[in-house]
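Here is a short report for a reader meeting this chain for the first time. Please look over the sequence and the model before reading on.

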Amino acid sequence: MLKNAANRIDLFFYKRGAHAPELLFLLRAQIFITAASLLLGLALLWRGSWLLFFALGSALALFNFWGLANFSIKLLGSGARFNGIIALRQFFSFVFRFLLTAAILLFFKNSIIPLVAGLSSFMLVVTIWGLTRLPQFKA
């Protein structure tokens, strides 16, 4: 079941230009963290909303990372076809994502700790990815 979901996630992002296996791993892992925390948060809603805010922060991290990755893919992948208008549009889309994240953080300021923990879950994903790649490098 997880393998099927992973294949669907990979196909979704592959169709949108994410061809690097490392990028697909990072996106897939963040989606799984977001989904797991959302399901746990809904199941344990009677205990509090901490996990739901964690899931929201994790979704924001995914939203911002995909925006940055998409910007990089379009910038590096288009070569000479990349003009200033596309660059400006992508830049403002990127800035809008961070402003939206800031607005959400300000709106839910009473639940800032789980939101920031969810946002930092992406750092955990990157750390795990880096540690799994460590044996490939020889001293």
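The report goes from the whole chain to its core, its largest pocket and three single residues.

**The whole chain**

This is a predicted model. The chain has five helices and zero strands. Read along the sequence, the pattern is α-α-α-α-α. Along the principal axes, the C-alpha atoms fill a box of roughly 55 × 40 × 35 Å.

How much of the chain counts as buried? Of its 139 residues, 33% do. The accessible surface comes to about 9300 Å². Carbon and sulfur atoms account for 74% of that surface. Contacts also reach across the sequence. Take the contacts between residues at least 6 apart in sequence: 65% of them join residues at least 24 apart.

**The core**

In soluble globular proteins, nonpolar side chains tend to be buried together. In this model, the largest nonpolar core has 16 residues. Those with the most contacts inside this core are Phe 13, Ala 18, Leu 23, Leu 27, Phe 65, Trp 66 and Phe 122. Four elements give two or more residues to the core: helix H1 (2–15), helix H2 (21–43), H3 and H5. Which of them gives the most? H2 does, with six residues.

Leu 23 is a good place to look. Leaving aside residues up to four places away in sequence, Leu 23 touches Ala 18, Phe 65, Ala 69 and Ile 73. Two of these partners, Ala 18 and Phe 65, are also listed among the core residues with the most contacts.

**The largest pocket**

The largest pocket has a volume of about 150 Å³. Its lining consists of Leu 60, Ala 61, Asn 64, Phe 65, Leu 68, Phe 98, Thr 101, Leu 119, Phe 122 and Met 123. Helix H3 (50–77), helix H4 (84–107) and helix H5 (112–133) each supply at least two of the lining residues. The largest share, five residues, comes from H3.

What is the make-up of this lining? Eight residues are nonpolar, two are polar and none is charged. Phe 65 and Phe 122 line the pocket, and both are also among the core residues with the most contacts.

**Three single residues**

The table sets out three residues with their helices and relative accessible areas.

| Residue | Helix | Relative accessible area | Class |
|---|---|---|---|
| Thr 34 | H2 | 13% | buried |
| Ser 72 | H3 | 29% | partly exposed |
| Gly 84 | H4 | 54% | exposed |

Why does Thr 34 count as buried? Its relative accessible area is 13%, and buried means under 20%. Thr 34 touches Ala 55, Ser 58 and Ala 59, not counting residues up to four places away in sequence.

Ser 72 falls in the middle class. Its value of 29% makes it partly exposed, because that class lies between the 20% limit for buried and the 50% limit for exposed. Ser 72 and Gln 90 are 18 residues apart in sequence. In space, their C-alpha atoms are 9.4 Å apart.

Gly 84 counts as exposed because its relative accessibility is 54%, and exposed means over 50%. Gly 84 and Ile 128 are 44 residues apart along the chain. Their C-alpha atoms are separated by 36 Å.

Key. Residues are numbered from 1 along each chain as its sequence is written. This is a predicted model: local features need pLDDT of at least 70, side-chain atom pairs count only at pLDDT 80 or more; totals for chains, interfaces and linings use all residues. Side-chain values use heavy atoms; hydrogens and water are left out. On a 1 Å grid over the protein atoms alone, a cavity is a set of points where a 1.4 Å probe fits but cannot get out, and a pocket is an open set with protein on both sides within 12 Å along at least five of seven lines; lining residues have an atom within 4 Å of a point. Grid points are joined across faces, edges and corners, and a volume is the space filled by probe spheres set on the points. Ala, Val, Leu, Ile, Met, Phe, Trp, Tyr, Cys and Pro count as nonpolar, Asp, Glu, Lys and Arg as charged, and the others, Gly among them, as polar. A nonpolar core is a set of buried Ala, Val, Leu, Ile, Met, Phe, Trp, Tyr and Cys residues joined through side-chain atoms within 4.5 Å. Buried means under 20% relative accessible area, exposed over 50%, partly exposed in between (1.4 Å probe, protein chains only). Contact means heavy atoms within 4.5 Å. Accessible areas come from the Shrake-Rupley method with a 1.4 Å probe; for residues, only the protein chains shown count as cover.
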